[in-house]
Amino acid sequence: MTQLVWFRNDLRLADNPALTRALAAGEKVAGCFILAPGQWQDHDWGPVRIDLVLRSLESLAESLAELGIPFHVLKADTFTDGNEALLSLCGQLQVTTVHANEEYSVNERKRDRLLKKTLQHNGSDLLIYRDQTVVPAGTLRTGSGDPYAVFTPYSRQWRHWVEQHPIQLYPAPGAQGKPLAVTAIPALTHLRADHGHWFVATEDAAHEALDAFTREQMQHYKEKRDFPAEPGTSLLSPYLAVGILSGRQCLQQAQQVVAANGGGDGAHTWITELCWRDFYIDILYHHPRVGRHRAYKPDTEALTWKPKGDAFTAWCEGRTGIPLVDAAMRQLNQTGWMHNRLRMVTAMFLSKNLFIDWRAGEQYFMEKLLDGYLPSNNGGWQWSASTGTDSAPYFRIFNPVTQSERFDPQGTFIRRYVPEIAHLTGKAIHDPSRAGGVAGYPSPIVGLKESRKQAIAQFQALKN
Ligand SMILES: Cc1cc2nc3c(=O)[nH]c(=O)nc-3n(C[C@H](O)[C@H](O)[C@H](O)COP(=O)(O)OP(=O)(O)OC[C@H]3O[C@@H](n4cnc5c(N)ncnc54)[C@H](O)[C@@H]3O)c2cc1C
């Protein structure tokens, strides 16, 4: 008899509820993962994200082999095929219980319900555990029992819950038997890209990064986090996106550093970011439509977006003539990552100044980001486009040139990614068109003032 751990968005050994519970049952334990290129495509995962998952799997396979836990890698494109492959593995291994950590999207929840039914029909079971959040999704409610729609009261309740429920991590398991041969992960080279390899996809590397950030940088987070040229943020998002780290581990580590050394406003602000992550998961949990390309605010569905056309291509390629936007998009294309301040700037530029449907940008980010994560990506896009919960008011539109002067004052970040204007001095680096332009670098593809006015008018028209 075997207990099977189905790894999904939780590619780690430590603080893994499903793995711990499976081991506690006292039977043989095996692990499995379903490679699902068809699903990955449906979820807009790009080559850099797929590569991260495959590298994380390689590392997980090594760790499981060391512990003597067999690891089975299945391949199935659709959820139906995946469930069938899993059922067949359950038959082969005489599985009594499948253990898995919760996933939140509608189709994933439906898939799990169907699998549970079939397993139960066959005399076994599927047990699902709360995992991706610090505070389990769906737990916090307003005084009137509704899900929260506004972040600040949610975060107040979240902090209260965290105080009342000290974090208890699930320990990483010890050896279960002699080391085994490492399960080979199919290379799938045609689906992968290697420009995210600067990011090391192992649990050890994740813990080193978490430890270093919380001890050395977290205290300065509040002052430094908005400047893309500086290493002011943790860069942990890819680990969280594929579950090499859990939110609980991050919070507990931050709490321990605060308890030992104090952390001041920096720690407080950083912990608020972990809360934002939970908030957006909670939104997806309660409002599954946001995961199905629908606006959180239904009235904004009536906005008439402009056709994507050349402007969208210029945005994607970092050729808009607005240096900070272009530097940010090139950072995304070249490294698979983009700084949070720049995600807001580029998303607002697309959805407000170019007035192109935020869903096109959401999809492009998902295809390019190493840390692509539906709840946060959707939340960030709907925040920027003013279609989401507690989003930026529609009339508060970032001016990307002013943002550039404020958050990249010397143009250091711009020079890194837009070499054709690197020679410019003074304020011209933020807006070369003001200094007569630079040969080989485009003029701005849109007037910032006029497009801002037009976007505001479009939102105001919704009220009439
Ligand atoms: C348009 C847009 C798209 C985004 N897409 C994604 C995405 O696909 N995946 C993703 O993980 N984040 C996304 N974010 C949120 C945020 O930009 C990234 O989490 C952050 O830049 C990651 O860098 P870091 O790990 O250094 O974060 P830190 O600043 O060190 O924050 C710590 C952790 O908190 C979480 N976090 C931080 N800011 C946010 C936020 N605004 N919303 C939700 N969680 C947050 C992340 O897990 C992050 O790793 C998006 C934001 C915007 C505006």
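This report describes the fold of one protein chain and the surroundings of its ligand.

The model is predicted: local features need pLDDT of at least 70, side-chain atom pairs count only at pLDDT 80 or more, and totals for chains, interfaces and linings use all residues. Residues are numbered from 1 along each chain as its sequence is written.

The protein chain contains 19 helices and five strands; these are DSSP runs numbered from the N terminus, with helices being H or I of at least four residues and strands E of at least two. The radius of gyration of the protein chain is 23 Å, close to the 23 Å of the globule rule for 464 residues, so the chain is as compact as a globular protein of that length. This radius is taken over C-alpha atoms, and the rule is 2.2 Å times the number of residues to the power 0.38. Along its principal axes, the C-alpha trace spans about 75 × 50 × 45 Å.

The ligand is surrounded by 28 residues, each with its C-beta atom, placed from the backbone, within 6 Å of the ligand. The closest are T233, S234, N340, N377 and G380. Four elements give two or more residues to this shell, as listed below.

| Element | Residue range |
|---|---|
| α9 | 237–242 |
| α11 | 264–286 |
| α14 | 340–353 |
| α16 | 374–384 |

With six residues, α16 gives the most to the shell. Domain 2 (132–168 + 202–286) and domain 3 (298–462) both contribute residues to the shell, so the ligand lies between them; the domain bounds come from an automatic or database domain assignment.
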